[in-house]
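Q: I am new to this structure and would like to learn how to read it. Please begin with the idea of buried area.

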Number of protein chains: 4
Amino acid sequence: MSDPKQRLLETASGLFYRQGYHATGINQVIAEAGVARASLYLHYESKESLLLAFLQQRHTDWMEGLKTFTGKASKPRERILAAFDYLQDNNEREDFRGCAFLNILSETTDQDTAILRVIQDHKKDVRAFLADILTKEKQLVQDHVYLLFESAIVESQLYRNQWPVQEAKKVVGGLL
Amino acid sequence: MSDPKQRLLETASGLFYRQGYHATGINQVIAEAGVARASLYLHYESKESLLLAFLQQRHTDWMEGLKTFTGKASKPRERILAAFDYLQDNNEREDFRGCAFLNILSETTDQDTAILRVIQDHKKDVRAFLADILTKEKQLVQDHVYLLFESAIVESQLYRNQWPVQEAKKVVGGLL
Amino acid sequence: MSDPKQRLLETASGLFYRQGYHATGINQVIAEAGVARASLYLHYESKESLLLAFLQQRHTDWMEGLKTFTGKASKPRERILAAFDYLQDNNEREDFRGCAFLNILSETTDQDTAILRVIQDHKKDVRAFLADILTKEKQLVQDHVYLLFESAIVESQLYRNQWPVQEAKKVVGGLL
Amino acid sequence: MSDPKQRLLETASGLFYRQGYHATGINQVIAEAGVARASLYLHYESKESLLLAFLQQRHTDWMEGLKTFTGKASKPRERILAAFDYLQDNNEREDFRGCAFLNILSETTDQDTAILRVIQDHKKDVRAFLADILTKEKQLVQDHVYLLFESAIVESQLYRNQWPVQEAKKVVGGLL
DNA sequence: GATGAATGAGTCTTCATTCAT
DNA sequence: GATGAATGAAGACTCATTCAT
């Protein structure tokens with residue numbers, strides 16, 4: 001809590017996630033983190049590197065949460081359904097702000113290669129994670145589930161409502 | 001081409017779509033539109049109202065494109081598949097920038113009620129449009145198709161690749 | 001009421017008086033007057049000339065009011081005291097905004113000769129008016145009354161209170 | 001001289017006093033102070049807070065000057081008359097720009113509570129200062145002197161002339 | 001006489017970053 | 001390791017004025 005670097009990351013993470021990257025200014029970050037302006041540049045070489053740190057940390061945390069939720073079951077079908085429960089849980093805890101990576105993606109152009117890679121890597125991991133649970137299924141089914149998983153996230157953010165998660169879960173339940 | 005208001009809208013639309021809303025400054029808009037600063041505020045009362053105009057125009061245009069594509073077929077199944085062709089066509093024409101509405105959604109908080117409404121209304125229209133084609137299907141199937149349609153857009157933006165559209169289309173083809 | 005020139009003058013007068021000259025923009029004037037922007041420049045060659053028109057009109061109206069109030073009495077002493085009643089009446093009607101001329105004077109530099117002259121002429125008229133009532137008094141007494149009259153205006157604006165008028169009136173009452 | 005914060009305050013003070021608050025732009029302030037635009041906002045959170053700083057500083061300086069002048073005499077009557085000499089001295093040194101507080105008052109509406117308070121507090125202090133010298137006099141006499149003191153300031157600004165100070169001083173001299 | 005469109009220069013304020021201490 | 005001061009560029013927006021219709 002009193003480590004400036006960590007405090008900066010946590011503050012920036014919350015702001016980047018809730019307000020977006022460009023809508024968040026350095027001033028707000030340092031003010032809310034209670035850190036001197038120059039200290040930010042002591043620990044992170046630029047605003048963008050702070051963004052990268054956020055995404056990397058978020059990746060770790062999010063995957064951990066996913067594993068925790070899916071770890072409660074053992075059969076593939078139940079584990080996949082538990083993944084949708086994770087989404088529902090996220091929506092409640094984070095007020096339907098959706099996927100941090102897809103949100104940043106929207107603010108990203110092809111020039112931002114470093115950021116783009118982190119985002120894509122995250123999603124590849126998610127896709128691989130689901131596919132790993134569904135090794136017995138054909139790839140088309142694996143993709144099918146992944147695509148429904150993704151739209152469950154996006155659409156519940158859009159409507160500020162859990163119905164897309166619930167519908168997607170229902171569909172997937174019928175599928176497997 | 002020489003109507004300043006139209007030129008402003010077209011320029012801003014391109015920039016908002018390609019770079020995002022917050023990453024686009026008024027200066028860039030007026031410079032590329034070749035219009036005086038104050039002229040922007042003569043036609044649009046604020047940057048946000050320019051964004052709203054963009055989204056409204058985009059809604060009209062995009063739905064029209066969707067109707068054109070789906071209008072080429074008559075049977076529900078073929079019309080739905082044609083909708084996915086539309087996505088593929090968009091990706092090529094617009095360089096995988098994805099959905100203008102979902103991109104802006106990422107930069108939007110709950111405070112931005114007017115913007116949020118336009119975005120949600122657009123998606124409700126899309127959902128209703130697809131459901132209308134699938135009136136003979138159960139609602140779960142309708143939602144199923146809608147969710148795959150949405151993730152096809154998002155995921156092809158993410159990977160800068162058409163595979164999500166193609167996979168989604170294949171899945172839907174098997175479904176109907 | 002429907003004469004644009006008159007409407008412009010009345011609107012600008014209110015705004016200049018209540019908000020000050022520099023704090024009042026052309027936009028607000030034309031918006032509240034319900035007149036096209038260019039129409040303003042049809043009737044007044046500049047914002048400054050609108051200000052001049054305001055001051056001239058105000059001079060006429062204000063002196064008329066002063067004459068009305070003082071006209072109710074006939075003896076010099078009573079007429080002077082009535083002048084102070086006029087100030088109190090103004091304060092109530094105009095919410096303690098003080099003297100329009102002195103207020104504009106504060107926003108005026110030595111370069112603004114035309115404006116400065118109108119302001120000084122107004123005050124010279126006021127001074128002469130009071131002196132005319134007090135022709136039997138020495139000049140020092142005349143000035144004395146004038147100075148108290150002026151500070152009654154300024155100080156009641158400052159404190160948003162009638163006490164300076166009342167005190168000044170009491171002093172003058174004892175004097176004459 | 002090389003402290004930017006002080007230089008900003010001095011520059012702004014001069015401009016606010018000579019030109020008025022609204023007529024003075026941030027650009028002019030930073031240009032004449034030789035300071036970067038953002039540096040202004042490092043030291044003062046807004047243009048208005050710069051104005052407040054000006055008024056507070058001015059209050060201190062002005063009262064000190066008043067005390068210095070009145071301190072030269074010991075008898076109440078002489079001290080009061082010295083106060084009028086202070087006004088005359090101000091007029092000469094500052095080219096008849098009058099009272100900084102009353103000038104800003106003219107640009108102030110009831111909404112600007114912070115500014116209004118500083119102005120009123122200044123004048124209350126002036127009034128109390130004069131009253132303190134005249135403790136032996138009745139309150140009406142104290143107010144009488146205060147009102148003449150105030151109009152001496154205002155009217156000499158108006159006419160760009162010392163006569164109002166001299167006349168007021170003469171009157172007060174006869175009074176005490 | 002009246003107007004909507006257009007503008008260059010200006011408004012106040014914040015941006016992300018660097019530097020001397 | 002930490003910081004307050006400093007900055008050039010940019011942010012969104014408004015100014016008073018003119019011109020073609």
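A: Buried area is the accessible area, taken with a 1.4 Å probe, that two parts lose on being put together, summed over both. The size of an interface is often given as the accessible area lost when the parts come together. Between chain A and chain B the buried area is about 3500 Å², and carbon and sulfur atoms give 61% of that area. On the chain A side, S106(A), L147(A) and L158(A) lose the most area to chain B, together 17% of what that side buries.

Q: What kind of model is this, and how are its parts labelled?
A: The model is predicted, and local features need pLDDT of at least 70, side-chain atom pairs count only at pLDDT 80 or more, and totals for chains, interfaces and linings use all residues. Residues are numbered from 1 along each chain as its sequence is written, chains are lettered from A and ligands numbered from 1 in the order in which they are written, and side-chain values use heavy atoms, with hydrogens and water left out.

Q: How many helices and strands does chain A have?
A: Helices (H or I, at least four residues) and strands (E, at least two) are DSSP runs, numbered from the N terminus. Chain A has nine helices and zero strands. The C-alpha trace of chain A spans about 55 × 30 × 25 Å along its principal axes.

Q: What percentage of the residues in chain A is buried?
A: A residue is buried under 20% relative accessible area, exposed over 50%, and partly exposed in between, with a 1.4 Å probe and protein chains only. In chain A, 56% of the 176 residues are buried. Contact, which means heavy atoms within 4.5 Å, gives another view of the fold. Among contacts in chain A with a separation of 6 or more, 66% join residues 24 or more positions apart.

Q: How many residues of chain A are in contact with chain B, and how many salt bridges are there between them?
A: There are 42 residues of chain A in contact with 42 residues of chain B. A salt bridge is a side-chain nitrogen of Lys or Arg within 4 Å of a carboxyl oxygen of Asp or Glu. The count between chain A and chain B is two salt bridges. In one of them the side chains of D110(A) and R160(B) meet, at 2.8 Å from N to O. Elements of chain A that give two or more residues to this side include α1 (4-19) and α7 (113-133). The largest share, 14 residues, comes from α8(A).

Q: Which residues does the side of chain A that touches chain B have, by class?
A: Ala, Val, Leu, Ile, Met, Phe, Trp, Tyr, Cys and Pro count as nonpolar, Asp, Glu, Lys and Arg as charged, and the others, Gly among them, as polar. That side of chain A divides into 17 nonpolar, 11 polar and 14 charged residues.

Q: What is the area buried between chain D and chain C?
A: The area is about 3600 Å², of which carbon and sulfur atoms give 61%. S106(D), L147(D) and L158(D) supply 17% of the area that chain D buries against chain C, more than any other three residues. A salt bridge links D110(D) with R160(C), the closest N and O atoms being 2.8 Å apart.

Q: Which residues come nearest to DNA strand E?
A: A residue is near a strand if one of its heavy atoms lies within 4 Å of it. DNA strand E has 32 residues around it, and R37(A), A38(C), I26(D), N27(D) and R37(D) come nearest. Of the atoms of DNA strand E within 4 Å of the protein, 55% belong to sugar or phosphate and the rest to bases.

Q: Which atoms of DNA strand E lie close to R37(A) and K47(D)?
A: A polar contact is a pair of N or O atoms within 3.5 Å; within protein, one must be able to donate a hydrogen and the other to accept it, and residues adjacent in sequence count only if both atoms are side-chain atoms. A side-chain N or O atom of R37(A) is 2.8 Å from a base oxygen of DNA strand E. For K47(D), a side-chain N or O atom is 2.6 Å from a phosphate oxygen of that strand.

Q: Which residues are closest to DNA strand F?
A: Among the 32 residues that surround DNA strand F, the closest are A38(A), I26(B), R37(B), R37(C) and H43(D). A polar side-chain atom of S39(D) lies 2.7 Å from a phosphate oxygen of DNA strand F, and a polar side-chain atom of Y41(B) lies 3.0 Å from a phosphate oxygen of the strand.
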